[in-house]
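Open the model in a viewer and keep the selection panel at hand. The stops below are meant to be taken in order.

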Amino acid sequence: MKKLLRKLIQAESTAEKGELAVAEIISQELGRTGMDAQIDNWGRDRANLVVHIKSAGQRCALLFACHLDVVPPGEAQWKYPAFEGLESNGKIYGRGSADMKGGIVAILAALRQIIEAGMKLKGDIILVAAAGEETDSCGAKRFISNYKDKLPTLAGVVIPEPTDFKIVTAHRGMLWLEVATKGKAAHGSTPELGVNAIISMKAVLDELENYKIVFEPHELLGGCSMSINTIAGGKAMNVVPDKCRIGIDIRTVPGQNHQDIVENFQEIFAKLKQKNPKFDAEVFIVREVEALQTDNGCGFVKEFCSAVGIGETKAVGFTTDGPHFAILGAPVVIFGPGKSDVCHKPDEYIEISDIEKAAEYYKKIILRFLA
Ligand SMILES: [Zn+2]
């Protein structure tokens with residue numbers, strides 16, 4: 001397991017480098033146990049990996065949904081190099097060790113042990129390891145559109161993201177908006193001949209300061225939040241800017257409709273245009289993931305809790321590809337090794353014993369639903 005994890009970390013599957021290399025390593029590993037993986041490759045080096053372990057089909061299938069990509073190492077200094085997978089004190093360090101190559105190694109180990117033991121399963125297992133979870137969920141979306149009609153009926157979807165073995169059934173959604181104001185360039189010495197896009201953006205910012213998104217607070221996830229996190233405008237000190245952009249990170253709770261928020265922005269722009277006919281702005285969705293809310297009372301969640309011997313479910317602040325897989329109509333549970341607070345930070349690590357523990361849990365889950 002350690003050797004495989006090290007190789008997966010060394011494959012450096014950032015969005016920039018792509019997921020193909022890491023998909024090929026996993027495919028080779030699966031091949032050793034006679035499991036056939038399909039690599040769906042697009043662009044230069046983007047890739048999803050899909051394994052379908054067929055059964056007699058007496059029971060509904062289980063889908064394990066992972067992601068192959070990692071976030072870049074960032075600016076801060078690492079004590080352990082980000083892409084070497086060094087071992088120290090029972091931990092393996094490296095970008096993606098926790099998020100989520102440790103989880104991938106654990107589910108692969110569980111599958112291998114089940115296949116090698118010659119167990120006959122009554123339901124299929126599908127493992128997908130998708131591209132781009134950290135950027136635009138391109139891999140999950142592509143898998144859903146290619147496989148939606150080909151999949152057997154699913155009992156549930158398990159996402160081996162790092163939850164430190166908490167059973168997560170809810171998280172907030174994410175809506176990233178870009179607002180762009182348009183003006184008219186002019187020489188800086190004759191501003192009256194232009195329309196200043198930065199001044200237009202000031203009007204937007206003033207409105208947004210008083211704008212409150214309407215939502216029903218969620219008992220576990222709390223409220224919806226909005227933060228304006230980037231701004232860019234203007235090209236030169238002597239040119240009236242014709243463009244200004246801001247980036248806004250909105251986190252939503254279950255029940256909110258993202259389109260309503262976009263419409264609120266358009267209403268704000270219409271109001272500003274009424275006051276000043278030269279005002280011009282547009283809003284774009286840069287990225288969105290719906291909130292996740294799996295029914296804790298459903299049979300799948302109850303059986304899942306009983307199989308792993310953990311009574312309670314949790315809600316978390318981070319988002320996953322879960323809502324994309326929820327489109328398939330089966331309950332989604334996020335459960336895996338590794339601590340979420342080491343993710344996306346320098347010296348990300350995973351405890352080796354946690355990977356072993358996760359493999360045992362995944363075996364228990366597979367046997368409970370498919371034996
Ligand atoms: Zn992740």
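The tour goes from a metal site to two helix pairs and ends at a single side chain.

This is a predicted model, in which local features need pLDDT of at least 70 and side-chain atom pairs count only at pLDDT 80 or more, while totals for chains, interfaces and linings use all residues. Residues are numbered from 1 along each chain as its sequence is written, and side-chain values use heavy atoms, with hydrogens and water left out.

**Stop 1: the zinc ion**

Select the zinc ion with H67, D99 and E161. The protein donors are H67 (NE2), D99 (OD) and two OE entries from E161, lying 1.8 to 2.6 Å from the zinc ion. Donors here are N, O and S atoms within 2.8 Å of the metal (3.2 Å for Na, K and Ca); water is not among the atoms, so sites may look incomplete. Along the chain the donors follow the spacing H-x31-D-x61-E. H67 lies in strand β3 (residues 61-67) and E161 in the loop between β7 (154-159) and β8 (167-171), so this pair ties together parts that are 94 residues apart in sequence. Helices (H or I, at least four residues) and strands (E, at least two) are DSSP runs, numbered from the N terminus. Both H67 and E161 are buried, meaning under 20% relative accessible area with a 1.4 Å probe and protein chains only.

**Stop 2: α3 and α9**

Next, select residues 97-116 and 352-370. These are helices α3 and α9, whose axes come within 8 Å and cross at roughly 50°. Axes are lines fitted to C-alpha atoms, for helices over the stretch in contact, and angles run from 0 to 180 degrees between N-to-C directions. In α3, residues including G102, A106 and A109 belong to a set that meets a set in α9, among them I355, A359 and Y362. Contact means heavy atoms within 4.5 Å.

**Stop 3: α1 and α2**

Move to residues 2-10 (α1) and 20-32 (α2), where the axes come within 9 Å and cross at roughly 155°. The two helices are therefore roughly antiparallel, the term for angles over 145 degrees. L4, K7 and L8 in α1 meet V22, I25, I26, E29 and R32 in α2.

**Stop 4: I26**

Stay in helix α2 and select I26. Is I26 buried or exposed? I26 is buried, with a relative accessible area of 1%. Leaving out residues up to four places away in sequence, I26 touches L8, L49, L68, I104 and L108. The C-alpha atoms of I26 and I104 are separated by 9.0 Å, and the two residues are 78 apart along the chain.

How values were computed:
Buried < 20%, exposed > 50% of the residue type's maximum accessible area, 1.4 Å probe, protein only. Parallel < 35°, antiparallel > 145°, perpendicular 65-115°, else oblique.
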